[in-house]
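Colleague: I am new to this structure, and I would love a friendly tour. Could you show it to me, and then take my questions?

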Amino acid sequence: MEQKKAAGLSRRALFIGGGAALVGGTAAVYGDELARTWWLVPGIDKQRTEGEVDHKGARWVAASAANLRTADRPADYTIDRIVIHVTQGSFASAVRVFKNPLHAAAAHYIVRAKDGHITQMARELDVAYHAGNRSFNERSVGIEHEGFVDRPEDFTDVMYRSSARLAAGICRRYGIPADREHIIGHVEVPGTDHTDPGPHWNWARYLKLVRAELEGRPAARA
Ligand SMILES: [Zn+2]
């Protein structure tokens, strides 16, 4: 037991050292990472690498630890839903508020309208507070899309395609069917007062793109 404890401590020391080296003295990032203290949470012993993403090509920007709960999904919670959101603001403002510990919410991903760029702010392992419903947070991955629900022109072709690639990857990772029962809007989460993604989000188009990705014939290259 003593030996085990010692091993745990040295692993923690190594992690902190590695984190400090990786962030290169960026105090804010280092502080956020320390605040997570995931290695002290019982049952959570998966090694995590700062900056690692679940979707290839995504950029990592950590959300505040206050806006999510560290978990070990899908080992502790089954992931069977993807929740589609619209930011009701700019991409930059969404990144900013998810980093703010007072915001009390964050999604796993934000997709940018102009080029489909994806920033990941919470690991899929973790429960991000995006659905406003505890069990739906625990069972889902949240994707934010830059734009406003009443401005259909915000939902660009490149954003649909990029998000569909992301959603297809999530479906593949957790065996989630690509249908409207499992890929839902925030508006469909029980108890929510949110309306996103709104009436202009083209569900038929989106699901078609997700299925094309899953079937290995991405429409983007057709
Ligand atoms: Zn939402």
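Modeller: Gladly; one term comes before anything else. pLDDT is the predictor's confidence in each residue, on a scale from 0 to 100. This is a predicted model, so local features need pLDDT of at least 70 and side-chain atom pairs count only at pLDDT 80 or more, while totals for chains, interfaces and linings use all residues. Residues are numbered from 1 along each chain as its sequence is written.

Colleague: Over which residues does pLDDT stay under 50?

Modeller: For the protein, the mean pLDDT is 84, and 77% of the residues reach 70 or more. Two residues are in contact if their C-beta atoms, placed from the backbone, lie within 7 Å. The model has 23 contacts beyond four places in sequence for the stretch where pLDDT stays under 50, and that stretch is residues 1–40.

Colleague: What pattern does the protein follow along the sequence?

Modeller: Helices (H or I, at least four residues) and strands (E, at least two) are DSSP runs, numbered from the N terminus. The protein has six helices and eight strands. Read in order, they give α-α-β-β-β-α-β-β-β-α-β-α-β-α.

Colleague: Which strands are the edge strands of the sheet?

Modeller: Strands pair if DSSP finds at least two bridges between them. Six strands form an open sheet with mixed pairing, in the order β1-β5-β4-β7-β3-β8. The edge strands pair on one side only, and they are β1 and β8 (183–185).

Colleague: In which sense do β4 and β5 pair, parallel or antiparallel?

Modeller: Val111 stands opposite Ile118 in β5. Three bridges join β4 to β5 (residues 118–120), and the sense is antiparallel.

Colleague: How many bridges link β3 and β7?

Modeller: Let me start on the other side of β3, where β8 pairs with it in the parallel sense over three bridges and Ile84 stands opposite Gly185. Towards β7, Val83 stands opposite Gly142. The β3 and β7 pairing is parallel too, and its bridges number six.

Colleague: How many residues of β3 are buried?

Modeller: A residue is buried if 20 or more other C-beta atoms lie within 10 Å of its own, exposed if 12 or fewer, and partly exposed in between, with C-beta atoms placed from the backbone. Arg81, Val83 and His85 point one way from β3, Ile82, Ile84 and Val86 point the other way, and all are buried. The strand is mostly covered, with a buried count of six of its six residues.

Colleague: Which element gives the most to the largest nonpolar core?

Modeller: A nonpolar core is a set of buried Ala, Val, Leu, Ile, Met, Phe, Trp, Tyr and Cys residues joined through C-beta atoms within 7 Å. The largest one has 48 residues, and those with the most contacts inside it are Ile82, Ala106, Ile143, Ala167 and Val210. Elements that each supply at least two residues include β3 (81–86), β7 (140–145), α5 (157–174) and α6 (203–214). With eight residues, the element that gives the most is α5.

Colleague: How far apart are the end C-alpha atoms of α5?

Modeller: The expected span of a helix is 1.5 Å times one less than its number of residues. The 18 residues of α5 should therefore span 26 Å, and the distance between its end C-alpha atoms agrees at 26 Å.

Colleague: What covers the buried residues of α5?

Modeller: Among the buried residues of α5 are Met159, Leu166, Ala167 and Cys171. Val210 touches Ala167 and Cys171, among others, not counting residues up to four places away in sequence. The cover for the buried residues of α5 includes β3, β4, β5, β7, β8 and α6.

Colleague: Which residues does Val61 touch?

Modeller: Val61 is in the loop between β1 (59–60) and β2 (68–69). Because Val61 has 16 C-beta neighbours inside 10 Å, it counts as partly exposed. Not counting residues up to four places away in sequence, Val61 touches Val95, Thr119 and Met121.

Colleague: What separation do the C-alpha atoms of Asp154 and Lys114 have?

Modeller: Asp154 lies in the loop between β7 and α5. Its contacts, not counting residues up to four places away in sequence, are Ala113, Glu146, Gly147 and Phe148. Asp154 and Lys114 are 40 residues apart along the chain, and their C-alpha atoms are separated by 8.6 Å.
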